[in-house]
Amino acid sequence: MKTIGLTGGIASGKSTVASILQKLGAHIFDADIASRQAVARGSQGLQQVVDVFGRDYLTIDGELDRQKIAQLVFENKAALGQLESIVHTYVRSEAKKFLEQCRLQNLSAAVLDVPLLIECGWYKEVDLDVAGCS
């Protein structure tokens, strides 16, 4: 099975390319969706965020206060590293499960839509990487 890495910044065309590939029958793993699931209400990842940063980073409804955590991590590189460790661990795990499912289905190709494909080293795990361009 070929693994294709799809990467690029905001408004670079990743979603358009992913949509085209999906219409052609490709199975797509969306790292952005997985990263939101990583810290969804009631998740183990959200509990880890609370363990590291405290309950002050939850909304009244028990969800991650994205604005408050963003403010913290944009000002504090150590905090950013801690948050990324929590989220990236989950996302990598989900990507591995996705790829295994694709292999079990005997698919010829699978696409990893990962905005930080290069920065996080995922490019080493794909057969081909495609960057969107703005």
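Analyst: Let's start with the word "contact", which means heavy atoms within 4.5 Å. This is a predicted model, and serine 43 makes a handy first example of reading contacts in it: leaving out residues up to four places away in sequence, serine 43 touches Gln37 and Ala38.

User: Where does serine 43 lie, and is it buried or exposed?

Analyst: Look at the loop between α2 (31-38) and α3 (44-53); that's where serine 43 lies. For burial, the cut-off is under 20% relative accessible area. Serine 43 counts as buried because its relative accessibility is 18%.

User: Which backbone atom does the side chain of serine 43 reach?

Analyst: The backbone oxygen of alanine 38, at 3.1 Å. Alanine 38 is also one of the residues that serine 43 touches.

User: Let me zoom out. How many helices and strands are there in the protein chain, and what pattern does the chain follow?

Analyst: You can count five helices and four strands. Walk along the sequence and the order reads β-α-β-α-α-α-α-β-β. The C-alpha trace spans about 45 × 35 × 25 Å along its principal axes.

User: What share of the residues counts as buried, and how should I read the contacts by sequence separation?

Analyst: Out of 134 residues, 34% count as buried. For contacts, take those with a separation of 6 or more: 65% of them are accounted for by residues 24 or more positions apart. As for the surface, the accessible area comes to about 8,500 Å², with 51% of that belonging to carbon and sulfur atoms.

User: Which distances in space go with separations along the chain in this model?

Analyst: Here are two pairs to try, both C-alpha to C-alpha. Glycine 9 and leucine 116 are 107 residues apart along the chain, and 8.4 Å separates their C-alpha atoms. Isoleucine 4 and tyrosine 57 are 53 residues apart in sequence and 36 Å apart in space. Isoleucine 4 belongs to strand β1 (residues 2-7), and it counts as buried because its relative accessible area is 17%. Glycine 9 sits in the loop between β1 and α1; at 43% relative accessibility it counts as partly exposed.

User: On to charge. How many positive and negative side chains does the protein chain have?

Analyst: There are 14 positive and 16 negative side chains, and the centres of the two sets lie 3 Å apart.

User: How many salt bridges does the count come to?

Analyst: Three. The rule asks for a side-chain nitrogen of Lys or Arg within 4 Å of a carboxyl oxygen of Asp or Glu. One of them joins arginine 92 and glutamate 125, whose closest N and O atoms are 2.7 Å apart. Arginine 92 is in helix α5 (residues 77-104) and glutamate 125 in the loop between β3 (109-113) and β4 (128-131), so this pair ties together parts 33 residues apart in sequence. Both partners are partly exposed: arginine 92 has a relative accessible area of 24%, and glutamate 125 is at 46%.

User: What are the other pairs, and where do they sit?

Analyst: Lysine 97 pairs with glutamate 94, with 3.0 Å between the closest N and O atoms. Arginine 103 meets glutamate 100 at 4.0 Å, N to O. Now look at the spacing. Lysine 97 and glutamate 94 are three residues apart in helix α5, so about one helical turn separates them. Arginine 103 and glutamate 100 are likewise three residues apart in helix α5, about one helical turn. Lysine 97 is partly exposed at 48%, arginine 103 at 44% and glutamate 100 at 38%.

User: Which side chain of opposite charge is nearest to lysine 14, and how far away is it?

Analyst: That's aspartate 113, at 5.1 Å; lysine 14 is buried and has no salt bridge. The cut-off is what matters: a salt bridge needs the two atoms within 4 Å.

User: Which backbone oxygen lies 3.3 Å from a polar atom of the side chain of lysine 14, and what else does lysine 14 touch?

Analyst: The oxygen belongs to glycine 9, the loop residue between β1 and α1 that came up earlier. Lysine 14 itself is in helix α1 (residues 14-23). Setting aside residues up to four places away in sequence, lysine 14 touches Leu6, Thr7, Gly8, Gly9, Asp113 and Pro115. So aspartate 113 is within the 4.5 Å that defines a contact, yet lysine 14 has no salt bridge.

Definitions and conventions: Residues numbered from 1 in each chain as written. Predicted model: local features only at pLDDT ≥ 70, side-chain atom pairs only at ≥ 80, totals over all residues. Heavy atoms only, no water. Helix = DSSP H or I, 4+ residues; strand = E, 2+ residues; numbered from the N terminus. Buried < 20%, exposed > 50% of the residue type's maximum accessible area, 1.4 Å probe, protein only. Areas by Shrake-Rupley, 256 points an atom, 1.4 Å probe, with all protein chains shown as cover. Lys, Arg positive; Asp, Glu negative; His and termini not counted. Charge placed at Lys NZ, Arg CZ, Asp CG, Glu CD. Polar contact = N/O pair within 3.5 Å; in protein donor to acceptor, adjacent residues only side chain to side chain.
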